[in-house]
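Student: I'm new to this structure and would like a close look at a single part. Please take me slowly through the aromatic rings and the stretch of chain around them.

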Amino acid sequence: MLFIRPKINYILPCVSLTQAQCRYIQAPLLETILPKLHLNRHTPRAVIFAGPRYGGIGIPETYTDLGLGHLSYFVGHLKIGDEVGQFILTLITHTQLQTGSVTSYFSLKYPAYNKWIDTTWITDIWKVTNQAGITIEVEDQWLPWLSR
């Protein structure tokens, strides 16, 4: 796991994957590693991914690494203000228009809007932060105003 995890995590911040896709990618690794740890391959994933504090083994989940990578790239490029950061602001504005809300969509509940908006890298960040209970505030985010 020490050697393969950096290779998988290298590409994760740039791709958009679901939790099921991340588990599909990680499944062959777990089937190889678990018997070497003297664990049954059918051990519940909640036990495998939970930390020792909760009675688990603490093997990192790829979906968690994906969300962490997305957030670090998001914050890093917005702070630098480079060309990628400007592109991220454009994606934020596009998603803000799709939601139709006058408040930042990062403070809204993702499940209420995911049926009506495009799935993008930004909406993946929104989904992950919503699941974790994190609220993002972007300084230069454009917000529409009420016409009446």
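**The aromatic rings and their surroundings**

Tutor: Let's begin with the whole chain, which has seven helices and zero strands (helices are DSSP runs of H or I with at least four residues, strands are runs of E with at least two, and both are numbered from the N terminus). The model is predicted, so local features need pLDDT of at least 70 and side-chain atom pairs count only at pLDDT 80 or more, while totals for chains, interfaces and linings use all residues. Residues are numbered from 1 along each chain as its sequence is written, and side-chain values use heavy atoms, with hydrogens and water left out.

Read from the N terminus, the order of elements is α-α-α-α-α-α-α. Along the principal axes, the C-alpha atoms fill a box of roughly 65 × 30 × 25 Å. The chain has 148 residues, and 36% of them count as buried (under 20% relative accessible area with a 1.4 Å probe and protein chains only; exposed is over 50%, and partly exposed is in between). Take the contacts between residues at least 6 apart in sequence: 57% of them join residues at least 24 apart (a contact means heavy atoms within 4.5 Å).

Now for the rings. The structure holds five aromatic pairs (rings of Phe, Tyr and Trp, the last by its six-membered ring, pair if their centres lie within 6.5 Å; planes under 30 degrees apart are stacked, over 60 edge-to-face, and the rest tilted). One pair is F74 with F106: the ring centres are 5.9 Å apart and the planes stand at 65 degrees, so this pair is edge-to-face. It brings together distant parts of the chain, since F74 sits in helix α4 and F106 in the loop between α5 and α6 (110–113), 32 residues apart. What about their exposure? F74 is buried, with a relative accessible area of 2%, and F106 is buried as well, with a relative accessibility of 2%.

Another pair is Y113 with W126, which is tilted, at 6.0 Å from centre to centre and 40 degrees between the planes. This pair also links distant parts of the chain: Y113 belongs to helix α6 and W126 to helix α7 (residues 121–132), 13 residues apart. Y113 is partly exposed, at 22% relative accessibility, whereas W126 is buried at 0%. Put together, F74, Y105, F106, Y110, Y113 and W126 form one aromatic cluster.

One member of that cluster, Y105, leads us to T95. T95 lies in helix α5 and is buried, with a relative accessible area of 2%. Setting aside residues up to four places away in sequence, T95 touches Y105, T120, I122 and T123.

The loop between α5 and α6, which holds F106, also holds S101. S101 is buried, at 11% relative accessibility. Its side chain makes a polar contact of 3.0 Å with the side chain of T103 (a polar contact is a pair of N or O atoms within 3.5 Å; within protein, one must be able to donate a hydrogen and the other to accept it, and residues adjacent in sequence count only if both atoms are side-chain atoms). Leaving out neighbours within four places in sequence, S101 is in contact with Q96, L108 and P144.

S107 is found in the loop between α5 and α6 too. S107 is partly exposed, with 47% relative accessibility. A polar atom of the S107 side chain lies 2.7 Å from the backbone oxygen of S104. Between the C-alpha atoms of S107 and Q96 there are 11 Å, and the two residues are 11 apart along the chain.

For contrast, look at the loop between α2 (19–36) and α3 (45–49), where H38 lies. H38 is exposed, at 75% relative accessibility. Although H38 is not a glycine, its phi is positive, at about 60 degrees. Most residues other than glycine have a negative phi.

To retrace the main path: F74 in helix α4 pairs with F106 in the loop between α5 and α6, Y113 in helix α6 pairs with W126 in helix α7, and these four rings belong to one aromatic cluster together with Y105 and Y110.
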